[in-house]
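Colleague: Before we discuss this model, I would like to hear how each label is justified.
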Amino acid sequence: MAELVFQRPGEGGTVDNPLGGDVVFKARGEQTEGTLTAFETVVASGDGPPLHTHANEDESLYVLDGEVRFKLGDEIRAAPAGSFVFIPRGAPHTWQNVGDGRARMLIHFTPSGMERFFDGFAALETPGLAAFETVGAEVGMDVVGPPLAESDPL
């Protein structure tokens, strides 16, 4: 049975973000009977993941603080604080913090499962793009291109 989940600011299990900073889990699959993974993350200026797809999960992102840009398919869109993005499974996407300070986002995956990527990546001694690809492949995430900073520099 799914648990009732209530997290105050700063509460939740924390692992290292592959992009630096922390991932603070607000809900994990074992709490939601596999229906949802939710976490808050902070990303440094200029950072973002490589272009990738998810085979098993839909993803939604809400920009809480900062200024982010998203590449969704072939289109790049600005996403200031308050922006929401829904990405259906299989859609190529990436994002980049383009502000001067850190960006903070709330990210949801449905169904759950992506917590395994963050747990696996955080356990590595030598993170990097190759590790991102290897750990990602284990959970159905495929890297299909470089980060926005490389493919579409500002």
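Colleague: Why is Phe-86 called partly exposed?

Modeller: This is a predicted model, in which local features need pLDDT of at least 70 and side-chain atom pairs count only at pLDDT 80 or more, while totals for chains, interfaces and linings use all residues. Residues are numbered from 1 along each chain as its sequence is written, and side-chain values use heavy atoms, with hydrogens and water left out. Phe-86 has a relative accessible area of 48%, and because buried means under 20%, exposed over 50% and partly exposed in between (1.4 Å probe, protein chains only), the label for Phe-86 is partly exposed.

Colleague: What makes the nonpolar surface patch of about 330 Å²?

Modeller: Tyr-62, Phe-84 and Phe-86 make this patch; the term asks for residues with over 30% relative accessible area and no salt bridge (a side-chain nitrogen of Lys or Arg within 4 Å of a carboxyl oxygen of Asp or Glu), with nonpolar side chains (Val, Leu, Ile, Met, Phe, Trp, Tyr) joined within 5 Å and like charges within 9 Å.

Colleague: How do you know that the buried residues of α1 line one face of the helix?

Modeller: The buried residues of helix α1 (residues 115-122) are Glu-115, Phe-117, Phe-118 and Phe-121. Seen down the axis, they fall within an arc of 160 degrees, so they line one face, the arc being that of the directions from the helix axis to the C-beta atoms.

Colleague: What covers the buried residues of α1?

Modeller: Their cover includes β1 (14-16), β2 (22-27), β3 (37-43), β10 (103-110), α2 (129-138) and β11 (141-147).

Methods
Accessible areas come from the Shrake-Rupley method with a 1.4 Å probe; for residues, only the protein chains shown count as cover. Helices (H or I, at least four residues) and strands (E, at least two) are DSSP runs, numbered from the N terminus. Contact means heavy atoms within 4.5 Å.
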